[in-house]
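User: Please take a close look at one helix in this model and at the unusual backbone spots elsewhere in the chain.

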Amino acid sequence: MLTIAQITDLHVTTEKDPLNQKRNEDRLRQVMKAIHALRPRPVAIIASGDLVDRGELEEYLELKRLMAESEIPIYYAMGNHDAREPFLQVFSGPGAQTDENGFVQYAADFGDMRMVVCDTLGGPNHGEYDDPRAAWLARTLDAAPDRPTAVILHHPPILSGIQWMDPEPDSPWILKLREVLSGREQVKVLMCGHIHRAFNGLFAGHTLSAAPATSIQLTLDLTEVDMHVPDGREILVEEPPGFALLMSNGRDLTTHVCLAGDWAPAVHYNFPFRTLA
């Protein structure tokens with residue numbers, strides 16, 4: 001059995017924002033501790049965007065300092081709070097590859113499975129997948145049509161129901177992405193972030209799993225909202241930080257959503273699960 005952990009929406013920042021610097025670092029450390037305690041230990045961690053809060057070079061240096069403590073290799077994706085140029089000034093190697101057009105997207109193989117990381121940074125709605133990126137994804141998927149594949153996207157191309165965060169369902173980038181992914185049976189799951197909350201759905205015939213944030217979570221409010229008139233509603237809440245875990249058994253891919261924290265054991269394995277015939 002092989003596992004990969006997904007963390008998302010880290011929003012690492014600097015002393016310019018002392019409240020969020022401490023809170024987001026503390027929550028990230030809590031998640032990383034939980035991931036390192038998993039058995040079996042994941043072979044990799046994918047950080048699926050909004051790595052930092054303002055896309056500044058100093059924030060990426062802070063992120064690098066924090067991630068240097070990890071004993072597990074880390075792979076990165078871009079989110080709408082990120083900026084490619086300062087990111088690539090700080091990070092390089094297998095977890096920070098670019099395509100021929102300079103987008104931070106690449107494929108990585110782990111045992112029998114493949115992870116394809118997509119760059120959705122850009123566009124008026126903070127989600128984008130233009131023709132060059134779509135062509136890259138099609139070629140990359142065509143290169144391994146029989147390998148169980150997880151596609152990593154920061155922006156979910158489906159509605160969460162939290163209206164102020166959701167995309168327009170008929171956005172051109174979503175239609176392009178749907179066209180590329182439709183009918184590709186090796187794609188077992190799309191793993192996303194951005195919403196700061198775990199939810200699941202279907203897109204182009206594939207399971208979509210959005211992970212909770214390591215930073216603070218979005219309040220689950222599915223009521224109508226006027227995007228131009230603030231109404232005082234709660235939009236973020238200090239629920240526990242979390243992460244997702246992707247499991248491969250060599251044929252299928254399964255995701256778990258996990259909360260980070262120190263929890264007291266409730267029951268131990270003191271009796272056999274099965275009796276001998």
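Analyst: The helix comes next, then the backbone.

This is a predicted model, so local features need pLDDT of at least 70, side-chain atom pairs count only at pLDDT 80 or more, and totals for chains, interfaces and linings use all residues. Residues are numbered from 1 along each chain as its sequence is written, and side-chain values use heavy atoms, with hydrogens and water left out.

Helix α5 spans residues 172–181. Helices are DSSP runs of H or I with at least four residues, strands are runs of E with at least two, and both are numbered from the N terminus. Trp173, Ile174, Leu177, Val180 and Leu181 of α5 are buried, meaning under 20% relative accessible area with a 1.4 Å probe, protein chains only; exposed is over 50%, partly exposed in between. Down the axis, these buried residues fall within an arc of 125°, so they line one face of α5. The arc is that of the directions from the helix axis to the C-beta atoms. On the other side, Pro172 and Glu179 are exposed. The buried residues pack against α4 (131–142), β6 (149–152), β7, β8 and β9; contact means heavy atoms within 4.5 Å. Just after α5, Gly183 has a positive phi of about 80°.

Now the backbone elsewhere. Most residues other than glycine have a negative phi, and most peptide bonds are trans. His196 has a positive phi of about 55°. His196 sits in the loop between β7 (187–192) and β8 (199–203) and is buried at 9%. Ala204 has phi near 55°, lies between β8 and β9 (206–210), and is buried at 14%. The Arg39 to Pro40 peptide bond is cis, with omega near -5°. Pro40 belongs to the loop between α1 (18–36) and β2 (44–48).
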